[in-house]
Amino acid sequence: MQRDGNRNVTGQERVKVAALVSVGRHPVTGRPRRAEYDARAVEIGLSLATGGNLHLAHAGECSPESEAALRAYLGMGIAGVDVLQQPAGADIVPALEAWLRELGPRLVLCGARGETGEASGLVPFLLAERLGWSLVCGLAAVESVDGDSMIVLQALPRGQRRRLKVRLPAVVTVDAAAQPARQSAFGPARRGGLQRLDTPVTPDGDAQSWTTAPARKRPKRLKIVKATSARDRFKAAAAKAEGGGGQVLTGVSAQAGAEAILKLLREEGVLR
Amino acid sequence: MNDIIRRDPRTEWIARNRLHPEHDAVLARMGGSTPAAKWMGPNGIIRRNPHAVGFIGPNGVRRIDRSGAQTANAGASARREAAAAPTRRQIRIETPAFYVAVVADMPGGRLSAHDRDVLGLARQLADEDSAGQGAVLLVSFGESREDALGDAGVDRVVSFAGERFEGYAPEQRLTALGGVERQHEPRHWLFPDSSLGGAELGRRLAARLGERPATQVWQIANGECTGRGAAGATDVTRRLPRIVLALPECAEPVSESTHAAESIAPPAALPQALRRIEDLGAVAVDPSSVALAEAEFILSAGNGIRDWGGFHRAASVLGATEGASRVAVDNGFMPRHRQVGATGTWVTARVYLAVGISGAIQHLQGIQQCDKVIAINTDPGCDMVKRADLAVIADSSEVLAALVELVDGVKKEQRNAA
Ligand SMILES: Cc1cc2nc3c(=O)[nH]c(=O)nc-3n(C[C@H](O)[C@H](O)[C@H](O)COP(=O)(O)OP(=O)(O)OC[C@H]3O[C@@H](n4cnc5c(N)ncnc54)[C@H](O)[C@@H]3O)c2cc1C
């Protein structure tokens with residue numbers, strides 16, 4: 001599929017789009033960076049709304065490291081990011097909800113999941129529920145936006161796509177199926193502004209009682225053989241991965257062979 | 001048949017003594033017409049007659065197949081098979097103390113491996129409470145084609161079928177789950193944390209009910225659950241909440257018991273969901289743009305392809321993603337990123353059609369995950385034919401041409417009919 005991120009989808013110059021961005025964590029070095037999925041969401045936002053109509057918000061602390069990560073979003077060609085200042089261990093949903101209510105965007109773009117903290121991917125769902133907006137997951141591309149609805153492509157497993165018509169305002173989540181984000185340029189990243197906003201803080205009570213540890217390696221599932229005799233156990237242990245019982249058509253004409261293949265393809269439903 | 005072995009020492013003795021005048025008659029009585037290959041000796045030791053086992057091979061030499069497939073003594077092998085097939089306990093729960101609800105993805109109407117793991121986890125939660133026996137309630141959407149739900153550990157099934165729940169209808173499904181919540185008040189809701197399946201529906205339900213779910217859970221023990229946080233970098237351990245979204249292999253699937261899997265009527269009056277999302281259907285995707293690793297249907301070319309134009313035409317007519325063996329790539333007929341196998345891409349296709357590929361181990365490694373393999377090859381003895389579910393022994397160009405003709409013919413017919 002040809003996707004051209006630099007071309008604006010026609011006829012929606014006035015759409016107000018918001019993107020919620022977070023500070024990611026590099027999977028190898030562990031350094032703060034722009035979050036992968038959030039950057040893709042911003043990329044979709046840039047293809048929809050030019051400059052002034054795309055509003056970014058980050059709820060969280062604004063330490064020097066996270067500021068560097070947030071500036072990476074500015075380097076994508078964005079004038080400013082609203083930073084809703086929230087201490088670590090705060091529930092950020094009320095703050096984001098208040099920000100969105102005030103801004104009143106038609107479309108809210110979110111990454112599917114954060115890269116730090118609980119990373120449960122629940123924020124878009126909670127926001128959509130509380131605001132009463134529609135919600136679509138796994139967005140691949142926005143095809144068109146008009147008035148009070150938009151046509152989007154949703155990514156399905158195995159590279160398939162589904163077209164949806166979604167009523168606005170809507171919250172959408174973006175994951176690896178969307179177009180990769182453009183590189184961040186250094187100059188615009190320096191020039192852009194981070195507007196720090198003071199917002200009421202709601203502490204996250206539940207999370208106080210959790211214990212968080214570095215991820216343990218998960219035990220590998222063993223192949224359990226329920227055999228009663230030693231011979232069966234040996235056979236199971238020494239078995240070669242073999243289809244077994246395959247049908248072999250020898251000495252048939254090409255037509256007959258093709259028909260047999262076609263029948264199997266139809267049964268499996270891969271032929272469209 | 002009576003399973004108690006009654007021994008007659010005299011006939012056994014005659015059976016062992018080949019020189020006894022009644023020997024043949026006794027053998028015939030013991031093992032039908034053929035002499036017995038195996039019997040219980042006087043000291044309780046199994047005795048075998050090597051002359052009675054096996055069969056005469058093509059060269060007139062006796063061959064003995066020790067895999068057990070061809071023993072003369074069919075009765076004994078039947079008994080052994082009965083013992084080998086593990087018997088599952090039948091379990092019926094009349095009045096459950098509580099429910100554990102599982103919303104399975106059921107792609108294509110069948111339980112996925114992930115669904116079975118989550119059902120195993122639900123079974124664990126339903127059985128561990130000493131105060132009362134819980135039941136596993138499966139909530140399924142769409143037509144179910146699974147006939148062994150009970151073997152997966154399901155006690156009750158609520159299925160929502162109908163046009164309303166077809167396609168992408170998360171809002172409708174959510175109201176259905178709300179109905180189940182009101183009617184049965186499950187103690188736990190379990191979802192497979194799989195994208196576009198349970199992951200989405202589970203989070204929607206959690207937001208609707210105002211419950212905080214545990215996501216990416218991979219272990220539940222002692223009333224606590226452990227899930228991955230921070231994109232897999234941390235483990236978060238907390239008290240087990242009501243709604244749990246579990247990863248694959250979170251528990252062992254049920255293997256020792258069979259449950260009733262009774263279907264119960266879905267909640268009668270569901271409120272009409274606000275329809276904010278409309279499914280406009282699947283979009284035709286150019287198969288050559290799909291990454292090889294996630295393609296569903298791959299037509300793969302090897303050294304046995306003579307007519308490359310015909311191969312590419314077949315791929316486009318069948319709507320298959322193209323793959324290749326290393327030889328085809330090295331010879332410059334296919335690009336490197338199309339190579340399947342150990343040094344290429346490990347593919348997960350549902351159907352893999354291998355044309356003129358011999359099935360070297362490096363290639364077979366790459367197609368381990370494929371469900372159905374079809375081979376077109378001129379050599380009936382090659383490894384790909386052994387691996388294949390369907391093998392056609394014929395020339396590749398002819399079969400591909402015939403395939404193209406058939407599919408084109410069908411398409412033309414449909415166009416004429418329309
Ligand atoms: C370190 C290493 C890594 C490797 N990694 C890979 C890898 O990742 N992927 C990979 O594919 N290979 C890999 N190989 C190569 C592998 O060992 C085999 O050489 C290769 O897979 C063979 O390719 P093939 O089956 O296309 O060719 P061949 O072995 O030549 O098989 C051709 C087949 O086509 C059949 N045939 C011939 N003519 C016709 C006809 N007219 N109609 C129908 N059938 C016909 C023949 O009967 C034969 O079975 C690797 C090898 C090494 C050493």
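How far is an oxygen atom of the ligand from an N or O atom in the side chain of B:His363? The separation is 2.7 Å, within the limit for a polar contact, a pair of N or O atoms within 3.5 Å. The model is predicted, with local features requiring pLDDT of at least 70 and side-chain atom pairs pLDDT 80 or more, while totals for chains, interfaces and linings use all residues. Residues are numbered from 1 along each chain as its sequence is written, chains are lettered from A and ligands numbered from 1 in written order, and side-chain values use heavy atoms, without hydrogens and water.

Two further side chains of chain B approach the ligand through an N or O atom: that of B:Ser325 lies 2.5 Å from a ligand oxygen, and that of B:Thr343 lies 2.7 Å from a ligand nitrogen. The protein buries 73% of the 990 Å² that the ligand exposes when taken alone (Shrake-Rupley accessible area, 1.4 Å probe). Helix H8 (326–330) and helix H9 (361–366) of chain B each give two or more residues to the shell around the ligand; helices are DSSP runs of H or I with at least four residues, and strands are E runs of at least two, numbered from the N terminus.

The protein also encloses 1 cavity of 30 Å³ or more, a set of points on a 1 Å grid over the protein atoms alone where a 1.4 Å probe fits but cannot get out. About 40 Å³ of space lies in the largest cavity, the volume being that filled by probe spheres set on the points, which are joined across faces, edges and corners. Its lining, residues with an atom within 4 Å of a point, includes A:Glu118, B:Arg228 and B:Arg238.

Terms used: 1 Å grid on protein atoms, 1.4 Å probe; cavity = no way out; pocket = protein on both sides within 12 Å on 5 of 7 lines; lining within 4 Å. Polar contact = N/O pair within 3.5 Å; in protein donor to acceptor, adjacent residues only side chain to side chain.
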